[in-house]
Amino acid sequence: RAGIIGTMKAIDASSAEVLGYLLTAQEGGIQGATLQLADIYKDGYKDIQKNFEKASSLYESIIASGRITRSYKKALLARAEMRLQGHAYASDPRAIENDLLKAAAFHDPSDELDLSTIGRYYSDVNSPLHNRYTAYFWKYVEYKQAITPIFKGMFYKDLEEMSAVLERKHVDWIIKEVDQETKFATIVLPSKVKNYVKEQNIK
């Protein structure tokens with residue numbers, strides 16, 4: 001806990017102390033500590049330099065464990081990010097999307113911003129996955145599954161802005177599909193939406 005809290009700047013600890021806490025926890029089998037170490041090497045922390053090879057090795061160890069936990073999901077999202085940026089992995093759109101869809105299948109509504117992370121891959125014009133309608137789908141699922149009122153209101157405002165530049169009939173189709181499958185939307189609908197936008201030739 002001290003290592004994780006230290007990276008959040010909630011306690012005054014040197015990077016060496018934080019690293020020591022996390023390494024001790026990792027050796028004790030705490031998967032969350034492995035994730036935090038990987039994030040440190042991916043993003044850098046204080047005087048700890050980025051090391052994408054170390055980060056990828058740690059993420060891979062979490063994914064290879066097969067334990068379906070919050071850390072497993074976060075490791076998939078982090079690996080997708082590294083793939084997109086070409087850090088320690090080839091920038092492969094299919095592999096990126098596979099990681100995103102695996103992470104989405106284990107989405108916990110209490111992690112309310114995870115779907116925003118996924119949605120950004122489709123809303124970013126520089127992303128190889130860019131598609132405004134697929135991005136709208138993720139934002140609408142995020143809105144439907146949101147728990148916190150402030151987030152729900154923020155997601156709704158984003159939806160209004162997005163739908164203003166989209167063709168209504170396609171937006172209505174997405175809304176109808178999500179409304180019918182709200183609880184399991186991140187599991188059963190991504191492939192269906194992907195096929196729909198391809199068949200309709202909409203971007």
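Buried, as the word is used in these legends, means under 20% relative accessible area. Every view is drawn from a predicted model.

**View 1. Helix α3, residues 31–43, and the glycine that follows this helix.** Helix α3 has 13 residues and reaches 18 Å from its first C-alpha to its last, which is close to the 18 Å expected at 1.5 Å a residue. The residues of α3 that are buried are Gln31, Ala33, Thr34, Leu35, Gln36, Leu37, Ala38, Ile40, Tyr41 and Lys42. Because ten of the 13 residues of α3 are buried, this helix is largely enclosed by the rest of the structure. Just after α3, Gly44 takes a positive phi of about 80°.

**View 2. Ser15 in helix α2 and the residues that Ser15 touches.** Ser15 belongs to helix α2, which covers residues 15–27. With a relative accessibility of 9%, Ser15 counts as buried, since the word applies under 20%. When residues up to four places away in sequence are not counted, Ser15 touches Tyr45, Lys46, Asp47 and Ile48.

**View 3. The largest nonpolar core, with Tyr122 as one of its members.** This core holds 58 residues, and those that touch the most other members are Tyr59, Leu100, Ile118, Tyr122, Tyr136 and Phe137. Helix α8 gives the most to this core, with eight residues. Leaving aside neighbours within four places in sequence, Tyr122 is in contact with Glu97, Leu100, Leu101, Leu129, His130, Asn131, Arg132, Thr134, Ala135 and Trp138. Tyr122 also appears in the next view, where this residue is part of the lining of the largest cavity.

**View 4. The largest cavity and the residues of its lining.** A search of the whole structure finds three cavities of 30 Å³ or more, and the largest cavity has a volume of about 50 Å³. The lining of the largest cavity is made by Glu97, Leu101, Tyr122, Thr134, Phe137, Trp138, Pro190, Val193 and Lys194. Two or more of these lining residues come from each of the elements α6 (93–105), α8 (132–145) and α12 (190–200). By class, the lining of the largest cavity divides into six nonpolar residues, one polar residue and two charged residues.

**View 5. The second largest cavity and the residues of its lining.** The volume of the second largest cavity is about 40 Å³. Its lining consists of His107, Pro109, Glu112, Leu115, Glu142, Gln145, Ala146 and Phe155. Sorted by class, the lining of the second largest cavity has four nonpolar, two polar and two charged residues.

**View 6. The second largest pocket, with about 360 Å³ of space.** The second largest pocket is lined by 15 residues, of which the closest to its centre are Glu97, Leu129, Asn131, Lys194 and Val197. The elements that give two or more residues to the lining of this pocket are α6 and α12. By class, the lining of the second largest pocket has six nonpolar, four polar and five charged residues. Glu97 and Lys194, named here among the residues closest to the centre of the pocket, are also found in the lining of the largest cavity.

**View 7. Leu166 in the loop between α9 and α10.** Leu166 lies in the loop that joins the end of α9 (149–163) to the start of α10 (168–180), and with a relative accessible area of 10% this residue is buried. Although Leu166 and Tyr133 are 33 residues apart in sequence, their C-alpha atoms are 7.5 Å apart in space. Leaving aside neighbours within four places in sequence, Leu166 is in contact with Arg132, Tyr133, Tyr136 and Val171. One of these contacts, Tyr136, is among the residues that touch the most other members of the largest nonpolar core.

**View 8. Ala88 and Asn201, each with a positive phi in a residue other than glycine.** Ala88 lies in the loop between α5 (70–85) and α6, and phi of this residue is near 70°. At 36% relative accessibility, Ala88 counts as partly exposed. Asn201 is found in the segment after α12, and phi of this residue is near 55°. At 62% relative accessibility, Asn201 counts as exposed, a word that applies over 50%.

Technical notes
Residues numbered from 1 in each chain as written. Predicted model: local features only at pLDDT ≥ 70, side-chain atom pairs only at ≥ 80, totals over all residues. Heavy atoms only, no water. Helix = DSSP H or I, 4+ residues; strand = E, 2+ residues; numbered from the N terminus. Expected span 1.5 Å × (residues − 1). Buried < 20%, exposed > 50% of the residue type's maximum accessible area, 1.4 Å probe, protein only. 1 Å grid on protein atoms, 1.4 Å probe; cavity = no way out; pocket = protein on both sides within 12 Å on 5 of 7 lines; lining within 4 Å. Points joined across faces, edges and corners; volume = space filled by probe spheres on them. Nonpolar A, V, L, I, M, F, W, Y, C, P; charged D, E, K, R; others polar. Contact = heavy atoms within 4.5 Å. Core = buried A, V, L, I, M, F, W, Y, C linked by side-chain atoms within 4.5 Å.
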